[in-house]
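Colleague: Walk me through the labels on this one, please. I'd like to see the cut-off behind each of them.

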Amino acid sequence: MQDHRLPPFRAALLHPRFWPAWLGLSVLWLLVTLLPWRAQMALGRGLGRLSMTVLKSRVKVARRNLELALPEREKAERERMLQANFESVGCAIFETGMAWFWPHWRMRALTTLDGTEHVDAAVESGQGMLLLSAHFLTLELNARQFGLYRPGVGVYRPNTNPVLEYAQVHGRCRSNKYLVDRLDIKGMLRALRAGDALWYAPDHDYGRHASVFVPFFAVDKAATITGTATLARVKNTVTLPCFTLREKNGYRLVIQAPLENFPVGDDETDAITGNKVIEAAIRRAPEQYMWLHRRFKTTPEGVAYRY
């Protein structure tokens, strides 16, 4: 049986080289604990605008992504979206703190749930749930909010800083069971076979390995991993699209109906289906998506580098 206990606190984490990480976490804890939500969002938007003067390379990447993905939008509209996107980046810092540090009652107060009947149906049928999500800037809240309704299993990338790793594992498990390394495919399969909900975001560009080139937004050949279909093929598993959107008065956790006829067994067809679901969700709030990532960096033979 795999040990899913939380990592214990170790005295080595108090070494002076980790003090900056502890300081940052302490400041974040104070801010998200003491400040009202609207004040946090106002500070986040301001911090995001300020970051545009510092993170110029990321601004360039995000602008290029918007140009590639949404060429039908006017340039001025994309520039407004770009600023709103960085404002959302600033908000995401506070939202990470909320997800890691807020008590359940405070998290529930800002959460609206849509589609919980699909979770109930899967639980009643004893089915595992593959939560098809994406890298929205609200992604830390997404798993936390879902876990408040039905604790599940998160897929994540371990942090190389042991203090931040300690904080993120404990924070992400506040309302969920445990985390699985994104490279631990067997661990993901075990979770689904056990009837758990597994959070999975396949929307980043992870290179050519286990990927196919299929449409995503206006890019005809975007490298897309095939892992979604691999996991969805686990016996007695349903695939539920699951996203968190920031709204005027809080957050909406959207859980959609199970994908029908998925997977069909063809990598390209299944990848196209997943991309369409994710694209539709992003179009609901494009400024809240993580455009800072070089989503279209991997190109097929004969296609020039896009950045």
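Modeller: Let's start with aromatic pairs: rings of Phe, Tyr and Trp (its six-membered ring) pair if their centres lie within 6.5 Å, and planes under 30 degrees apart count as stacked, over 60 as edge-to-face and the rest as tilted. The structure holds eleven such pairs. Before going on, this is a predicted model, where local features need pLDDT of at least 70 and side-chain atom pairs count only at pLDDT 80 or more, while totals for chains, interfaces and linings use all residues. Residues are numbered from 1 along each chain as its sequence is written, and side-chain values use heavy atoms, with hydrogens and water left out.

Colleague: What makes F9 and W22 an aromatic pair, and what is the angle between the planes?

Modeller: The centres are 6.2 Å apart, and the rule asks for within 6.5 Å, so they pair. The planes are at 50°, neither under 30 nor over 60 degrees, so the label is tilted. F9 sits in the segment before α1 and W22 in helix α1, 13 residues apart. Helices here are DSSP runs of H or I with at least four residues, strands are runs of E with at least two, and both are numbered from the N terminus.

Colleague: How exposed are those two, F9 and W22?

Modeller: Buried means under 20% relative accessible area, exposed over 50%, and partly exposed in between (1.4 Å probe, protein chains only). F9 has 42% and W22 has 24%, so both fall in the partly exposed range.

Colleague: And what about F217 and W291, which class of pair is that?

Modeller: Edge-to-face, because the planes are at 65°, with the centres 5.7 Å apart. F217 is in the loop between β6 (211-216) and β7 (219-225), and W291 is in the segment after α11 (267-284), so the pair ties together parts 74 residues apart in sequence. Both F217 and W291 are buried. They also belong to one aromatic cluster, along with F136, F216, F243, Y289 and F296.

Colleague: What does E279 in helix α11 touch?

Modeller: F216 and F217, leaving out residues up to four places away in sequence. Contact means heavy atoms within 4.5 Å. E279 has 17% relative accessibility, so this glutamate counts as buried.

Colleague: How do you know that α1 packs on α8, and at what angle do their axes cross?

Modeller: Axes are lines fitted to C-alpha atoms, for helices over the stretch in contact, and angles run from 0 to 180 degrees between N-to-C directions. The axes of α1 (residues 19-34) and α8 (residues 162-172) come within 8 Å and cross at roughly 35°. A21, W22 and L25 on the α1 side meet V163, L164, Y166 and A167 on the α8 side. These residues divide into seven nonpolar, no polar and no charged. For the classes, Ala, Val, Leu, Ile, Met, Phe, Trp, Tyr, Cys and Pro are nonpolar, Asp, Glu, Lys and Arg are charged, and the others, Gly among them, are polar.

Colleague: What makes T244 buried or exposed?

Modeller: T244 has 1% relative accessibility, so buried is the verdict. This threonine is in strand β8 (residues 237-247), and beyond its neighbours within four places in sequence its contacts include F136, L141, Y251 and Q288. T244 and L137 are 107 residues apart in sequence, but 9.1 Å apart in space, C-alpha to C-alpha.

Colleague: What's odd about the phi of A210 and N236?

Modeller: Both are positive in residues other than glycine: about 55° for A210 and near 65° for N236. A210 lies in the loop between β5 and β6, N236 in the loop between α10 and β8. At 43% and 40%, both count as partly exposed. There's also a cis peptide bond from F262 to P263, with omega near -5°.

Colleague: Last one: why is the radius of gyration said to agree with a compact globule?

Modeller: The radius of gyration is taken over C-alpha atoms, and the globule rule is 2.2 Å times the number of residues to the power 0.38. For 307 residues that rule gives a radius near 19 Å, and the chain has 19 Å, so the two agree. Of those residues, 52% count as buried.
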